[in-house]
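The following exercises concern charged side chains and the helices that carry them. Please work through each task before reading its solution.

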Amino acid sequence: MGFISKYLLPKEIDFNAALLQQAHISRTMVEDLHQACINEDKAMLASISTAALQARELKTRNMSQLLDVFITPYDKESIYRMITQLDWITLSVKHFLLETEAYGIRALAGYAPILKILVAMATALEEGISKLSAKALDAITPKTDQIHDQYDEVVEACASATAQLLAQDDIKHIIRHKDILLQLKEIAKRIQVTANTLEDMAIKIV
């Protein structure tokens, strides 16, 4: 049987585990960003950039395996969307850091309440993806519903913060922080879009 499975049967890849790895590093980056902003920890911010490189390597590996394998637990298009969308989450976190550095924004604690919601969203996404292998739609749906609700919370919080910014007189300050708020909303959007794909995959395997 070992010879047959090795040389004759089509290769199989555990994409449930592969996608969960990507979700884990995405959640970790969002969580580390939250903690770094609360503590104003420059070393932790630097470690997020290293994690972003690891995330890109993982995305490249998963994509390569997807192209090389014949049997998959879901249609290839769904797996492709999940791989790329999880990658977009990590890219959005990386872009947040790039903008704060480019604008010279050092005090980030004011963004902690929004980042706390993003951590909850990323955690729910990871937990939902962990249920794919069990084909547990009833366990996944509450997680995707939570993400959709919390996306609304992020949009509302960013709108409120933007309104407060616009009440100030320093135009440069307004522009800098408005762009940062937009990037936070982008992270939330990417998590929500990924949750939509998770829901689609879960429905197809029931």
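**Exercise 1.** Determine whether Arg27 is buried or exposed in this predicted model, and classify Glu31 in the same terms.

*Solution.* Step 1: the relative accessible area of Arg27 is 15%. Step 2: buried means under 20%, so Arg27 is buried. Step 3: Glu31 has a relative accessible area of 30% and is partly exposed.

**Exercise 2.** State what joins the side chains of Arg27 and Glu31, and how the two residues are placed along helix 2.

*Solution.* Step 1: a salt bridge joins the two side chains, with an N to O distance of 2.7 Å. Step 2: the cut-off for such a pair is 4 Å, and 2.7 Å falls within it. Step 3: both residues belong to helix 2, which covers residues 15-39, and a spacing of 4 residues puts about one helical turn between them.

**Exercise 3.** Check whether the span of helix 2 agrees with its number of residues, and describe what is found at its N-terminal end and just after it.

*Solution.* Step 1: helix 2 has 25 residues, and at 1.5 Å a residue the expected span is 36 Å. Step 2: the C-alpha atoms at its ends are 36 Å apart, so expectation and model agree. Step 3: the N-terminal end is capped by Asp14, which has a side-chain oxygen 3.3 Å from the backbone nitrogen of Asn16. Step 4: just after the helix, Glu40 adopts a positive phi of about 50 degrees.

**Exercise 4.** Which parts of the chain does the salt bridge between Arg81 and Asp200 tie together?

*Solution.* Step 1: the closest N and O atoms of Arg81 and Asp200 are 3.3 Å apart. Step 2: Arg81 is located in helix 4 (residues 76-103) and Asp200 in helix 7 (residues 171-205), so the bridge ties together parts that are 119 residues apart in sequence. Step 3: Arg81 is partly exposed at 29% relative accessibility, and Asp200 is partly exposed at 27%.

**Exercise 5.** Locate the partners of the salt bridge between Lys143 and Glu127, and then name the residues that shared partners join into one network.

*Solution.* Step 1: the side chains of Lys143 and Glu127 meet at 2.6 Å, N to O. Step 2: Lys143 lies in helix 6 (residues 137-166) and Glu127 in helix 5 (residues 112-130), so the pair, 16 residues apart, links distant parts of the chain. Step 3: Arg27, Glu31 and Glu126 form one network through salt bridges that share partners.

Notes: Residues numbered from 1 in each chain as written. Predicted model: local features only at pLDDT ≥ 70, side-chain atom pairs only at ≥ 80, totals over all residues. Heavy atoms only, no water. Buried < 20%, exposed > 50% of the residue type's maximum accessible area, 1.4 Å probe, protein only. Expected span 1.5 Å × (residues − 1). Polar contact = N/O pair within 3.5 Å; in protein donor to acceptor, adjacent residues only side chain to side chain.
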